[in-house]
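Hi there,

Here is the structure I promised to pass on to you. Have a look at it first, and then read my notes below with the viewer open beside you.

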Amino acid sequence: MPDFVDEAVLHIKAGDGGHGCASVHREKFKPLGGPDGGNGGGGGDVVLEVDPNTSTLLEYQRRPHRRAGNGAPGQGGHRAGANGAELVLPVPDGTVVTTPDGELVADLVGPGTRLVAARGGSGGLGNAALASPRRKAPGFALKGEPGEQLDIRLEIKTIADVGLVGFPSAGKSSLVAALSAARPKIADYPFTTLVPNLGVVEAGSTQYVVADVPGLIPGASEGKGLGLAFLRHVERCSTLVHVLDCATYEPGRDPVTDLDVIEAELAAYGESTDVDLSDRPRLVVLNKADVPDARELAELVTPMLRERGLRVFTVSAASHEGLRELSFAMAEQVAAARAARPTPEPTRIVLRPKEIGETPFEVVPLGGNTFRVRGDRTARWVRQTDFANDEAVGYLADRLNRLGIEEALARAGAIAGAEVYIGDEDDSVVFDWDPTIDAERTPIGPRGTDSRLG
């Protein structure tokens with residue numbers, strides 16, 4: 001089994017869109033047959049998909065930088081560029097996706113569940129798509145847009161019905177091995193279990209998953225021992241089972257004290273994470289009954305635990321004593337929890353488009369005769385423009401004028417010669433605003449030029 005890693009930070013980059021093509025159809029006796037430049041292909045998305053055969057995030061810790069394929073540029077003859085290859089990253093069932101700041105993005109549960117984590121950039125339009133009565137044969141094309149680039153944090157929260165909690169070496173791994181076909185590493189020293197062990201158990205007609213949650217010691221919720229590393233794996237469990245060691249010889253420890261300590265750690269974890277575990281049904285297992293002194297201790301503390309309203313089972317993982325009764329009791333709790341759940345609805349993809357107000361941009365004075373134009377649409381148009389081509393720059397000016405930026409600048413107090421920043425904050429383009437130029441003036445000029453620019 002590969003090393004278990006349940007946290008990873010991914011640096012992902014979706015594919016860039018391919019550039020559009022500026023081409024003119026040419027054949028004998030038809031030197032200018034019209035624009036025939038194709039559109040660029042779209043960039044590939046980065047997709048997270050739940051894969052039942054994936055159980056660890058180790059691969060993403062080793063290779064945290066992932067990138068999807070870029071779109072191909074368009075070609076002449078109305079040939080569109082190929083779309084970039086989608087990058088599908090398999091993740092374990094129960095993976096929680098958050099931003100680096102901790103904001104929840106998605107909770108991926110169920111085989112086949114998919115999340116488009118980063119969207120590829122759109123391909124640029126070729127000059128055939130840009131032709132109009134005013135520009136019958138454009139000498140330019142739009143550039144493809146860059147794909148999204150971001151960091152995401154992945155965290156596994158184990159999908160299990162029953163969580164076994166208790167001190168190290170209490171026999172949790174031995175119980176998983178005795179109840180199921182799982183074969184975890186077992187030894188008699190603290191922190192033998194460094195990963196959650198899962199086992200599938202069948203009791204009558206009920207099949208459920210049992211998880212051994214490692215690392216619970218006094219102070220675990222404050223970071224001692226393995227700390228919070230695996231406490232989160234109890235969050236999805238519908239039933240918690242306290243495994244208490246009745247054969248320990250450590251001073252100051254006994255089953256009742258161990259139970260109180262673990263409950264205090266679970267409560268502290270719930271307070272720090274806003275995950276209430278107090279309503280989960282509890283069962284108590286007094287383990288290692290094959291040891292004579294342990295059996296006597298179990299008989300002594302059983303009435304005390306039952307007074308608290310707890311169901312108590314005396315078992316031996318070594319001799320399998322009491323395991324049948326325990327497995328059916330856990331199955332009863334799991335069946336009741338499943339019956340109480342609301343009927344699951346089919347997974348739906350929810351699209352939440354950004355709200356668009358009456359004006360898709362705003363003009364912000366920066367002092368003096370300097371202004372910044374903010375807006376997603378205007379920033380996208382700037383990214384699409386080839387500033388080495390005067391006709392492309394003139395086309396951008398026409399688009400901005402139709403959007404109403406000229407009037408907005410005038411209302412904001414801009415005068416001739418104003419510096420206007422348009423585009424992304426960290427990669428803006430500076431324009432010198434001249435309100436005397438007629439943005440709709442025709443003719444524009446030869447292909448690739450604009451008579452308004454000089």
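Please start at Arg380, which is partly exposed at 30% relative accessibility. This is a predicted model, so please keep that in mind as you read. Which residue does Arg380 pair with in a salt bridge? The partner is Glu145, and the closest N and O atoms of the two are 4.0 Å apart. Arg380 belongs to helix H7 (residues 376-384), while Glu145 sits in the loop between helix H2 (127-130) and strand E8 (149-156), so this pair ties together parts that are 235 residues apart in sequence. Glu145 itself is buried, with a relative accessible area of 10%.

A second pair to look at is Glu263 and Arg282, whose side chains meet in a salt bridge at 2.9 Å from N to O. Glu263 is in helix H4 and Arg282 is in strand E13, so the bridge ties together parts that are 19 residues apart in sequence. Is each partner buried or partly exposed? Glu263 is partly exposed, at 26% relative accessibility. Arg282, at 15%, is buried because it falls under the 20% cut-off.

Salt bridges that share partners also make one network, which joins Arg134, Arg135, Glu391 and Asp398. Across the whole structure, the search finds 21 salt bridges.

One more of them is the pair of Arg114 and Glu86, with the closest N and O atoms 3.2 Å apart. Arg114 lies in strand E7 (residues 114-118), and Glu86 lies in the loop between strand E3 (65-67) and strand E4 (87-91), so the two tie together parts that are 28 residues apart in sequence. Arg114 is partly exposed at 42% relative accessibility, and Glu86 is partly exposed with a relative accessible area of 42%.

Now for the sheets. In what order do the strands of the 6-stranded open sheet come? The order is E10-E11-E9-E12-E13-E14, and the pairing is mixed. At the edges you will find strand E10 (197-203) and strand E14 (311-314), each of which pairs on one side only. On average, neighbouring strands in this sheet are turned by 25 degrees against each other, if direction is ignored.

Within this sheet, try following strand E9 (residues 162-165) and strand E12 (residues 239-245): they run parallel, and 4 bridges join them. If you want one residue pair to click on, Val165 has His242 in E12 as its bridge partner.

Two helices lie across this sheet's strands. Helix H4 (residues 255-273), the one that holds Glu263, lies across E9, E12 and E13 and runs at about 140 degrees to E12. Helix H3 lies across E9, E10, strand E11 (206-212), E12 and strand E13 (282-287), and its direction is at about 45 degrees to E10.

Helix H3 (residues 172-179) also contains Ser173. The unreviewed UniProt entry places the feature "binding site" at Ser173 and Thr193. Is Ser173 buried or exposed? With 7% relative accessibility, Ser173 counts as buried.

There is another open sheet, made of 5 strands in the order E3-E1-E8-E5-E6, again with mixed pairing. Its edge strands are E3 and strand E6 (104-108), and each of these pairs on one side only. Here, neighbouring strands are turned by 25 degrees against each other on average, with direction ignored. Strand E1 (residues 7-13) and E3 run parallel and are joined by 3 bridges. For a pair to find in the viewer, take Lys13, whose bridge partner in E3 is Arg67.

Last come the cysteines. A disulfide is a covalent bond between the sulfur atoms of two cysteines. How many disulfides does the model have? The count comes to 0 when a pair of sulfur atoms has to be within 2.5 Å. Two cysteines to look up are Cys21, which is buried with a relative accessible area of 15%, and Cys237, which is buried with a relative accessible area of 2%.

Enjoy exploring, and write back with any questions!

Best wishes

Methods
Residues numbered from 1 in each chain as written. Predicted model: local features only at pLDDT ≥ 70, side-chain atom pairs only at ≥ 80, totals over all residues. Heavy atoms only, no water. Buried < 20%, exposed > 50% of the residue type's maximum accessible area, 1.4 Å probe, protein only. UniProt positions renumbered as here; feature names shortened; annotations may be inferred. Pairing = 2+ DSSP bridges. Axes fitted to C-alpha atoms, helices over the stretch in contact; angles between N-to-C directions. Contact = heavy atoms within 4.5 Å.
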